Amino acid sequence: MQSGRHLVNIALIGFMGTGKTSVARLVAEQLRFDYLDTDEVIQTNTGRSITEIFTRDGEPAFRALEQKVVAELASHTRTVIATGGGLPVFSNNLASLKTHALVVSLWSSPEKIWERVRHQSHRPLLLDKNPQAKICELLAAREPFYKQADVLLNTELRSVREVAQQVIHQFRLEVRRR
Ligand code: S3P
């Protein structure tokens with residue numbers, strides 16, 4: 001891991017439906033850290049839902065809002081950050097997160113992701129006539145970015161509790177190493 005980083009936060013990246021929100025909440029609770037979700041911050045700041053932003057203003061407008069939130073995260077400490085699935089792919093978001101957070105990538109197969117998201121309707125990118133193909137396509141395009149995380153965790157066969165324990169273990173190891 002690169003030196004010169006000041007790891008005071010934990011950021012979870014990964015595709016929609018890999019468990020970022022549930023894991024981040026549990027890690028925050030166990031470490032007594034704050035919890036923050038970039039999508040929630042965008043919705044609070046704008047007073048609009050993610051779907052509304054996507055459909056009215058388009059994805060580039062959403063990504064600009066997302067980048068602004070990422071820049072502001074650098075001023076946080078003791079915070080577990082759950083990020084939107086596309087966040088590490090755009091701008092310098094990933095590099096920015098890495099300056100202050102241990103970046104953990106949660107990974108699942110397209111089949112498992114589909115199983116988790118198929119009954120949800122709040123994800124504009126999956127409002128596609130063939131959402132399963134869309135998942136495969138986006139996952140393949142994003143994989144190189146997700147793999148740049150400090151830690152990769154497959155969440156498919158692990159409970160939220162187990163994944164949270166792994167995240168905490170890796171964070172403590174890294175803090176001790178410094
Ligand atoms: C997106 C994922 C969503 C949300 C937006 C775009 C993506 O967050 O940011 O719908 O590009 O994958 P979750 O990963 O929390 O669902």
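Which of the 14 residues around the ligand come nearest? In this predicted model, they are Lys20, Asp39, Arg63, Arg123 and Arg142. By class, the shell around the ligand is made up of 6 nonpolar, 3 polar and 5 charged residues, and two helices, helix 3 (50-57) and helix 4 (59-73), each supply at least two residues of that shell.

Several distances between the protein and oxygen atoms of the ligand can be set side by side.

| Residue | Protein atom | Distance to an oxygen atom of the ligand |
|---|---|---|
| Lys20 | polar side-chain atom | 2.5 Å |
| Arg142 | N or O atom in the side chain | 2.7 Å |
| Gly86 | backbone N or O atom | 3.3 Å |

Taken alone, the ligand exposes 390 Å², and the protein buries 95% of that area.

The surroundings can also be described from the side of the protein, since the space taken by the ligand is the largest pocket. This largest pocket has a volume of about 680 Å³, and of the 36 residues that line it, Met16, Gly17, Thr21, His122 and Arg123 are the closest to its centre. Arg123 is also among the residues that come nearest to the ligand.

The lining of the largest pocket divides into 11 nonpolar, 16 polar and 9 charged residues. At least two lining residues come from each of helix 1 (20-31), helix 2 (38-46), helix 3, helix 4, helix 6 (110-117) and helix 8 (160-177), and helix 1 gives the most to this lining, with 4 residues.

Terms used
Residues numbered from 1 in each chain as written. Predicted model: local features only at pLDDT ≥ 70, side-chain atom pairs only at ≥ 80, totals over all residues. Heavy atoms only, no water. Near = heavy atom within 4 Å. Polar contact = N/O pair within 3.5 Å; in protein donor to acceptor, adjacent residues only side chain to side chain. Areas by Shrake-Rupley, 256 points an atom, 1.4 Å probe, with all protein chains shown as cover. 1 Å grid on protein atoms, 1.4 Å probe; cavity = no way out; pocket = protein on both sides within 12 Å on 5 of 7 lines; lining within 4 Å. Sits in = over half its atoms within 2 Å of the grid points. Nonpolar A, V, L, I, M, F, W, Y, C, P; charged D, E, K, R; others polar. Points joined across faces, edges and corners; volume = space filled by probe spheres on them.
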